[in-house]
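Reader: I have a model to go through and would like its architecture explained step by step. Please keep to what the coordinates support.

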Amino acid sequence: MKYRLSCLAAVAAMLAGVLFLQNYESKPNRYHQHLENKPYTPCTDHGDDVFCTHLPLFNIVTDAPIPDPFLYDDTGKRIRDEAGSPVSNNEMVAASVEFFTNSGGNNHLTDEPDFFERGLIRIRGNWSRSFDKKGYLIKFTEQDMVTGKKVSIDGMTADSEWVLHGPFLDKTLIRNYLCYNLSGEIMDYAPNVRFCELILNNEYMGVYLLVEKIKQNDNGRIFITETDPKLETTSYIVRVDRGASDELHSLSTFASYMYINPGPTDVRGQLEIEYPGKSLTQEQHDYIANDISKFEKALFSFDYTDRSKGYRQYVDVDSFVDFFLINEFTLNYDAPFYSTYLYKDIREKLQLCVWDFNSAFDYYELSSISPETFLMQSSMWYQYLFKDKSFVDDVIDRYYELRETFFNEAYLFQYIDETVAYLGPAVERNFEKWGYSFGAEYDYLTPAERNVRSYDEAIAQVKDCISNRIDHMDSNLDRLYYLCHGSTNKVYNYDSNSKGALQ
Ligand SMILES: [Zn+2]
């Protein structure tokens, strides 16, 4: 009987997926490049000797060599921090940036560029900055090479700062593209992305993903009221990661003082004020610390579920629910201790924003993450949110809603296949350059059998992971209710009508 029921459920989910695909309408403003752009059609007016791509193309020439990603001492040894990690070198170098996009046809270095700008560039990332294929941060500037200049790229909101993510470990090349677009359909905001190819100092560097850096922006990105340094109160963006290097932007809140996960000595889960940036004042720093602490105090308090006094008055619950589900669904276990953004408009409630899916779909380097587990429910704010039955209700209701749309296997597999088809010959070009990383000496993932040996194997690995994940979540998500079981103690104390009687 149970078998028949699960068969029926599987058939129902498949039908829902087919219906969803037929009626699929993307969120306004969410641009899925592979759906909008044409696949590669070879040019007829030139031979193979001309570099030709249907993807947008960056041609970057730096004024001087790009500085090494790490800092070295006088003896040539890498400088290390207290935890033993090499210290990043974030020195920027001046560069000229040409961008070509002819979405109706192909791009060549001899074409008229969409724009030619000056700016600064540096290597970015933490562990990934040690890979052969680097990620870069670009900051467009005015001619003074200091003042930021907002530039729109391929229809995305104009801004001065952009990230060029260079998938190296991720052999599918599509993890971040897929996950950012999925998140962008589900949440209020997730960074917009475009595949492109990069030529840096006359050297072909492969397929990259251009990503909007998470920033306040009145026309897109994180749309929160602009700060005014004359005022004590402010809208803000806080990054949850390894913390800030300067005291003013480092943030300690109630959870940290109380040594609640994470405590002040933890490396991960530290808060850093991203916005306001340079203009941040001490008064605003204190305001932000107090504002987040108010939410935490309400969350850790006895009457946390109270609709008027509890945590719900401070947080956008939908945002916290979706953030949990996206990261659990994609097995992205950097979140919420790393690569997580918390933001708040001065007139609104706290929201979360995703960042970095390098480890998604069981791609954490040091060990395999079983698709048959849940991890985030015991971390940071979530360990308390899940004590509230209505939060668990919200998570489960939302999951089943998403299962009929963006968490549908048929939808996701089609999305992956169409993205790979769109990339077309760019995948081959990328691996002509970086294909040696399929070799055993580049087995970064442990245990070693998790490392793939071909592009097809990499895509199959992600699809397998999605299938297994869906099976597990469908069968086990209800177990989250164990986290909010009432206790006699709580009912006795909390129910004001009980008049001392145990319920
Ligand atoms: Zn061509």
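Reader: In what order do the strands of the closed barrel run?

Author: This is a predicted model. The barrel is closed and has 7 strands, with mixed pairing. From one strand to the next, the twist averages 40°. The strand order is 1-2-3-4-5-7-6.

Reader: Which residue is the bridge partner of Trp162 in strand 7?

Author: Strand 5 (residues 161–165) and strand 7 (residues 203–212) run antiparallel and are joined by 4 bridges. Within strand 7, the partner of Trp162 is Glu212.

Reader: At about what angle does helix 3 run to strand 6?

Author: Helix 10 (residues 425–434) also packs on the sheet, where it touches strand 6 and strand 7, and its direction makes about 120° with that of strand 7. Helix 3 (residues 175–186) lies across strand 5, strand 6 (193–200) and strand 7. Its angle to strand 6 is about 150°.

Reader: How many residues of domain 1 are in contact with domain 2?

Author: The domain assignment gives domain 1 as 51–212 and domain 2 as 236–407 + 477–494. Their C-alpha centres lie 29 Å apart. On the domain 2 side, 15 residues take part in the contact. On the domain 1 side, which divides into 8 nonpolar, 3 polar and 4 charged residues, the number is 15.

Reader: Which helix gives the most to the largest nonpolar core?

Author: That core has 102 residues, and Leu210, Val238 and Cys353 touch the most other members. It draws at least three residues from each of domain 1 and domain 2. The top contribution is 7 residues, from helix 6 (residues 317–329).

Note on methods:
Residues are numbered from 1 along each chain as its sequence is written. This is a predicted model: local features need pLDDT of at least 70, side-chain atom pairs count only at pLDDT 80 or more; totals for chains, interfaces and linings use all residues. Domain bounds come from an automatic or database domain assignment. Two residues are in contact if their C-beta atoms, placed from the backbone, lie within 7 Å. Ala, Val, Leu, Ile, Met, Phe, Trp, Tyr, Cys and Pro count as nonpolar, Asp, Glu, Lys and Arg as charged, and the others, Gly among them, as polar. A nonpolar core is a set of buried Ala, Val, Leu, Ile, Met, Phe, Trp, Tyr and Cys residues joined through C-beta atoms within 7 Å. A residue is buried if 20 or more other C-beta atoms lie within 10 Å of its own, exposed if 12 or fewer, and partly exposed in between; C-beta atoms are placed from the backbone. Helices (H or I, at least four residues) and strands (E, at least two) are DSSP runs, numbered from the N terminus. Two strands pair if DSSP finds at least two bridges between them. Axes are lines fitted to C-alpha atoms, for helices over the stretch in contact, and angles run from 0 to 180 degrees between N-to-C directions.
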